Amino acid sequence: MGGSDDSLRLFRTAPHPCGYFAEREARDLVLDQRDPRLPQFYPMALDWGFRRSGDIVYRPSCIGCNACVAVRVPVAAFQPDRSQRRCLRRNADMDTRIVQAECNEERLALYQRYLAARHPGGGMDGHGRHEFEQFLIGSWNDSRFLELREHGSHRLLAVAVTDRVPDALSAVYTFHEPEAVQRGLGTLAILRQIEWARREGRSHLYLGYWIDGHRKMDYKRRFQPLERFDGRAWRPWTDEAGRRQLPPHVGDAAAC
């Protein structure tokens, strides 16, 4: 990035099918994954609206579409809303553990159940151990798994893949037990990641991209206050009068 010989190279991919809207094409900006300094640049890349998937650090760069908006939560200012407080009470029997990012049979089985239920026929439902390690763990990043387990039975219900950088956490991917939908495990995982970041004195939790008009990405609007990356800087999501507001197309608070 920049013009010197010490800069990390940045590539633009060829057009490919959009993963969120079937009728659209997408392109990404991708950092040179062969560069050994990628771990050093990764915290800066997050601050520039990039995201990690496996060993790839990317940012959408689509022609004529700006639907993907990088968002993050300033954890010191966050306060759970009424729906999120209900989610915490509903899951008072859940234990949280921060563990090494490793694949084992228990985590792999949960991941495969989640993909089969949430992404049937989407190309991911055949993932095995190799894909798990390649997609979720990567080879150079500092990651941990946040596990959510039932107290007493110790049954694993959710795993939140989380990257650690010096001043923040980044929520990479969460998979959870599809039969426990009433618990709101995706919401619970983010609440626990916010608690983790606050406990360690980190300033932000990166949530990836909020996508205008996409139902599956709409949950991110619930974690307020929310900051968005406008292509140049991070800004509070406010209206013209400077009042905090939710992103567009938001109705009343939904249950987690």
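Colleague: Is strand 12 (residues 204-211) mostly covered or mostly exposed, and how many of its residues are buried?
Modeller: This is a predicted model. Buried is taken as under 20% relative accessible area. By that cut-off strand 12 is mostly covered, and the number of its eight residues that are buried is eight.

Colleague: Which residue of strand 12 is the bridge partner of V73?
Modeller: Strand 7 (residues 68-74) runs antiparallel to strand 12, and six bridges join them. In strand 12, V73 has as its bridge partner L205.

Colleague: In which sense do strand 11 and strand 12 pair, parallel or antiparallel?
Modeller: Three bridges link strand 11 (residues 168-176) to strand 12. One residue pair is S170 with its bridge partner Y206 in strand 12. Strand 11, helix 5 (residues 185-199) and strand 12 form a right-handed β-α-β unit. The sense of the pairing is parallel.

Colleague: Which are the edge strands of the open sheet with the order 1-4-6-5?
Modeller: This sheet has four strands with antiparallel pairing. An edge strand pairs on one side only, which holds for strand 1 (10-12) and strand 5 (51-53).

Colleague: Which residue in strand 6 stands opposite R52?
Modeller: Strand 5 and strand 6 (residues 56-60) run antiparallel and are joined by three bridges. Opposite R52, in strand 6, stands V57.

Colleague: What angle does the direction of helix 1 make with that of strand 6?
Modeller: Helix 1 (residues 38-47) packs on the sheet and touches strand 4 (28-31), strand 5 and strand 6. Its direction and that of strand 6 make an angle of about 30 degrees.

Terms used:
Residues are numbered from 1 along each chain as its sequence is written. This is a predicted model: local features need pLDDT of at least 70, side-chain atom pairs count only at pLDDT 80 or more; totals for chains, interfaces and linings use all residues. Side-chain values use heavy atoms; hydrogens and water are left out. Two strands pair if DSSP finds at least two bridges between them. Helices (H or I, at least four residues) and strands (E, at least two) are DSSP runs, numbered from the N terminus. Contact means heavy atoms within 4.5 Å. Axes are lines fitted to C-alpha atoms, for helices over the stretch in contact, and angles run from 0 to 180 degrees between N-to-C directions. Buried means under 20% relative accessible area, exposed over 50%, partly exposed in between (1.4 Å probe, protein chains only). A crossover is right-handed if, with the strands pointing away from the viewer, the path from the first strand over the helix to the second runs clockwise.
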